[in-house]
Amino acid sequence: MDKTYNYREWEKKLYEKWLKHKLFRATAYGAKRSGKPTFTIMMPPPNVTGDIHLGHVLDNTIQDVVARYKRMAGFYVLWQPGTDHAGIATQNVVEKELAKEGKSRFDVGREEFLRRVWAWKEKYGGRILEALKRLGVSPDWERTRFTMDEDYTLAVKTAFVKLYRAGLIYRGKRLINWCPRCGTALADDEVEREEEQGKIYYLRYPLANGGGYVVVATTRPETYLGDTAVAVNPEDERYKHLIGKKVRLPFVGERRDIDNNPVGAEIPVIADPVVDLEFGTGAVKVTPAHDFNDWEIGERHDLPKVQVIDFNAKMNKNAGRWAGLDRFEAREKIVKAFAEAGLLEKIEDHSYAPGRCYRCKTVIEPLPSLQWFVKMKPLAYPALKVWERGQLKIVPEMFGKIYRNWLANVRDWCISRQIWWGHRIPVWYGPDGKEFVADDEEEARQQAKEYYGRDVELKQDEDVLDTWFSSWLWPFATLGWPKETEDLKVFYPTQFLQSGWDILFFWDARMVMAGLFFTGEVPFEVLYLHGLLRDKYGRKLSKSLKNYREVFELLDDYGADGLRYGVLSLTPEGRDIRFDEKALEVGRNFANKIWNATRLLVLSSEGVDIDLRFKPEKLYQKWALHTLKLYTKRITDALESYRFDEYAHLIYHLIWSNLADWFLESLKPDLKAKDENAIDLAYYVWLNALKLAHPLMPFITDAAYEKMPIPEKAPSLMSMEWPEVPYDFPTEYDEYEALKEAVREFRAVRDIIGLKRAPYRGKVDPIFEVLAGAESREAEIWVRLPSKVEVYIGLSEEQKDKVISRLKKEIDQLEKVIGRIEKKLASDFVKKAPAPVVEAERRKYKELKGKLATLRRQLEAME
C-alpha cells in the first residue's frame with residue numbers, strides 16, 4: 001500500500017470502475033425487479049453555457065451525498081441529470097462570436113443563427129457535465145436530458161396549449177421589464193436589485209393657472225416627459241387645495257399615448273392613498289408607461305400612458321428636443337434645462353436599488369409591450385395549500401414563510417422573450433391577426449380552415465418562451481410526460497430537490513405549480529434550500545474581486561474529497577456560506593488521515609486472515625463499538641434531517657478524533673501481537689466508519705476499502721448496506737471516556753517537564769500506560785490529576801515547581817489576552833466590524849475561556 005494517497009490516480013481509476021459496473025444506472029424495469037422503494041432526485045439542470053463554479057460543487061455534493069446514502073439505506077435511486085438551453089445566456093454567447101465577424105443575428109437570419117447555436121451546443125454544451133464527473137457525482141449519465149430535446153419540446157408545447165385552453169395564458173399589452181442590451185422582456189424574478197448610490201432630483205412643475213408650482217421628487221427625471229398626472233395622498237394637508245387642479249410640464253408639446261391619442265402638456269393633480277407622505281415632498285410624478293406602480297395608478301384613474309423611451313433605451317419622438325438621445329444622456333440635459341429655467345429645486349444624494357438584468361446587469365426599462373402572460377393566482381393557490389397541509393416539506397422551515405408570502409402576492413408571469421434561441425411560442429396568426437394555439441403548424445392550419453372556411457396563410461409568433469417555462473416542467477418532462485411512460489409511473493413524484501434559495505421563485509415554486517396543474521401531484525416531497533456562497537468576509541464571489549479560485553485549480557490542489565468535504569462543512573442550515581479555502585485543506589488532510597490509518601491497519605495485519613468474526617473483550621474494543629453505534633445514529637439522524645454541515649463534522653470527529661486518535665492507538669499492542677480477534681474487530685469498526693463517510697468522501701473511502709483484505713468485496717461501498725451496529729456497551733464507554741480525560745491530563749503535565757514517559761499510580765485499565773506514556777515506578781512526589789479516574793503522576797520537587805511556574809505563566813498570559821478581547825467585545829467594534837469577524841472573535845473568546853479553566857484546574861491539582 002503506497003505511503004501517500006495519490007488522489008489524482010485514484011479518482012480517475014475509481015470513477016471509471018463505478019461507470020463500468022453501472023453503479024449509477026436506474027431503469028423502471030430495474031426498480032420493479034429490485035423490490036426496493038424508489039428515491040428520485042432531479043438535478044437542477046446547469047446552463048449549457050456554464051463553466052463549473054463553486055455553486056455547482058455545493059449543489060452536486062449535496063445531491064450526491066443524498067443519492068449515495070439512500071442507495072446504501074435500501075432505496076432504488078434515480079438521480080436524473082441534464083442541462084438547460086439557457087435562452088438569453090446562450091444566445092449572448094453566440095452573438096458575441098458573430099460580432100467577431102462583424103455581424104449580428106439579423107445579418108445571418110433566424111435559420112442560420114439557430115444552426116450556429118446548435119453547433120455551439122454540440123461542441124461545448126456537455127463540458128459542465130464532464131466537469132462534474134471530476135467531482136465524483138453519481139447521476140445516471142445514460143439518461144442525460146436537454147431542455148430542447150425533441151421529447152422535451154413536445155412537453156413544452158403541450159404545457160402551453162393546456163394552459164391556454166384552460167384560460168391561464170393570455171396575450172396583452174402590459175408594462176414589462178425590458179433589457180435593452182439583451183433586447184427582450186424579463187420576468188419580475190429575472191430582475192436583480194442591489195443598493196447603490198444615486199441622486200434624487202426635485203423638479204418644479206408650474207401650476208397651469210399661474211401662481212406657483214408643485215415640487216416633485218424623482219430619481220428618473222428623463223421620464224417626466226411621459227408624466228400624465230401628479231399624485232398626492234388624500235390625507236396630506238399640504239396639497240388638499242390642489243387636488244383637481246392642473247400643472248404644466250415644462251418644455252413639453254403635444255404627445256401621443258400608446259394608443260396614438262394626443263396628450264397635452266397640462267396634467268391633473270390627483271389623490272391616491274398609495275402615495276408616501278414621507279418620500280420627497282409628498283407629491284410624486286405619475287408616469288404610467290415607465291413605472292409599475294404608476295401603471296397601477298394610471299389604471300385606477302384612467303390616465304393616458306405616454307411612452308418616451310424606446311426599446312433601444314433611446315428617447316422617442318414624444319421627448320421633443322431630446323428625441324434620439326440615450327436615456328442617461330437625456331437625463332443630464334433635462335436636469336440642466338430645468339436648472340437654467342429656475343425649475344430645479346435641488347439635487348440630493350440618494351441610496352436606491354434600480355432593476356438590472358440578471359444576465360448582463362444592464363439597467364432595465366419598464367416599457368408597455370404586447371406580450372404573453374401566465375395567470376399565476378389560480379396556480380399559486382394550490383401550491384400554497386400543499387405546503388400548508390404538509391404535503392411539501394421545505395427545509396429549513398424559515399423559507400416556508402417566504403414561499404407563502406411570494407405565492408400570496410404573486411403577479412402574472414411574462415413568458416415571451418424577444419430572442420431566437422429557445423422554444424418558439426406555439427401560436428400562429430391568421431391574415432386578420434386571429435390567433436391559433438396548437439401543438440404544431442398542421443393543427444393550427446386545421447383550426448384556421450375551420451374558422452375561415454378556407455386555407456389561409458399563417459404566420460407563427462416570432463417570440464420564444466422564457467427559459468423557466470421549460471424548466472418548470474423538469475421533474476416530469478424528463479420522465480416522458482405528456483406520454484404515460486413507465487419511468488413516469490415508477491419514478492414520479494420525486495422525493496428530493498435542492499437548490500439555492502435565490503431560485504425559490506424562479507424555479508422551485510413554479511415547479512410545484514406545474515406539477516399540481518399538469519400531473520395532479522406535488523413534484524417533490526422535500527425541497528432543501530441552501531445559502532449562497534460568499535467569501536469569508538461575506539462578499540459575493542466575484543471575478544473582479546478575485547476572491548475565489550477556479551474549481552479545477554481547487555480539485556488539483558485538494559482533490560475531489562477535500563473540496564467536497566470543505567464546501568459541505570461550511571454550509572450552515574439556511575444561511576449564506578462563508579467560503580474559506582482552509583476548510584478544503586482540512587478536507588484534504590482528513591482524506592490523508594483516512595489513508596494513513598487504513599495503511600497502518602493493513603500493513604500491521606499482514607498474514608492474518610480477516611473474516612470479521614470477533615468477540616469484544618477489552619475496554620477499548622467495547623468503547624469503540626459503542627462509539628460507532630452512537631455516531632451511526634447521529635450521522636443517520638443528520639442525513640435524514642438534511643443537516644449536511646453537521647454530517648461532515650460528525651464523520652470527522654468519529655474517524656479522526658475518536659478512531660484514529662484513540663482506537664487505533666489502543667489497538668497497536670494487539671496489532672503487534674497479531675491478535676486475530678482484535679484485528680477482525682478493528683476491520684469491522686473501520687469498514688463501518690468508511691461506509692458512514694462514503695456519501696461525502698467517495699474516492700478515499702473506496703480507495704481505502706479496495707486496499708482492505710476483506711473477503712467477498714462489493715465493487716464500491718455504495719453497493720453495501722448502511723451500517724447498523726448491534727453492540728451496546730454504555731458502562732464501558734463511560735469508563736473509557738473517563739480514562740481518556742486522565743490520559744490528556746497526564747500527557748499535559750508530562751509534556752511540560754519534557755519526559756517521554758512518567759511514573760504513575762492508579763487502578764486503571766492497562767491501556768492507560770500505552771496511551772499516556774506512563775510507567776509503574778517510584779517517585780519523590782505524587783500529584784493527583786484533576787480527572788474522574790483516580791490517577792497520580794510521579795514528580796520530583798524540581799519538576800513540580802517547573803510545572804507550577806509554567807502553568808502560572810500561561811494563565812497570566814491567557815488572562816491578558818482574554819481581558820483585551822473582553823474590552824474589544826464591549827466596545828464599538830461589535831457594531832462596526834463585519835459580522836463574521838465579530839463572530840470569530842466571540843468564538844475565540846469562548847475557546848480561550850475554556851482553556852483558562854483547564855489550566856486553573858491543573859494548577860490547583862499541582863498546588
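Which residues in α21 meet Tyr736, Lys740, Val743, Arg744 and Arg747 in α24? I'll start there, and then move to the aromatic rings. Keep in mind that this is a predicted model.

On the α21 side, the residues are Asn658, Trp662 and Ser666. By class, the residues of this contact are three nonpolar, two polar and three charged. Now the geometry. Helix α21 covers residues 644-672 and helix α24 covers residues 730-753. Their axes come within 13 Å and cross at roughly 90°. Angles of 65 to 115 degrees count as roughly perpendicular, so that is the term for α21 and α24.

Next, the rings. There are 55 aromatic pairs in the structure. I'll take one of them, Tyr15 with Trp18. The ring centres are 5.8 Å apart and the planes are at 65°. The cut-off for edge-to-face is over 60 degrees, so this pair is edge-to-face. Both residues belong to helix α1, residues 7-20, and they are three residues apart, about one turn of the helix.

Are these two residues buried or exposed? Tyr15 has a relative accessible area of 7% and is buried. Trp18 is buried too, with a value of 0%.

Trp18 also has a charged neighbour: Arg68 lies over the face of its ring, at 4.5 Å from the ring centre. A second case of this kind is Lys824, which lies over the face of Phe829 at 4.8 Å from the ring centre.

Last, a cluster. Ring pairs link Phe160, Tyr164, Trp372, Trp413, Phe469, Trp472, Phe476, Trp481, Tyr492, Phe517 and Phe518. That's what I have.

Technical notes: Residues numbered from 1 in each chain as written. Predicted model: local features only at pLDDT ≥ 70, side-chain atom pairs only at ≥ 80, totals over all residues. Heavy atoms only, no water. Axes fitted to C-alpha atoms, helices over the stretch in contact; angles between N-to-C directions. Helix = DSSP H or I, 4+ residues; strand = E, 2+ residues; numbered from the N terminus. Parallel < 35°, antiparallel > 145°, perpendicular 65-115°, else oblique. Contact = heavy atoms within 4.5 Å. Nonpolar A, V, L, I, M, F, W, Y, C, P; charged D, E, K, R; others polar. Phe/Tyr/Trp six-rings, centres within 6.5 Å; stacked < 30°, edge-to-face > 60°. Buried < 20%, exposed > 50% of the residue type's maximum accessible area, 1.4 Å probe, protein only. Lys NZ or Arg CZ within 6 Å of the ring centre and 35° of its normal.
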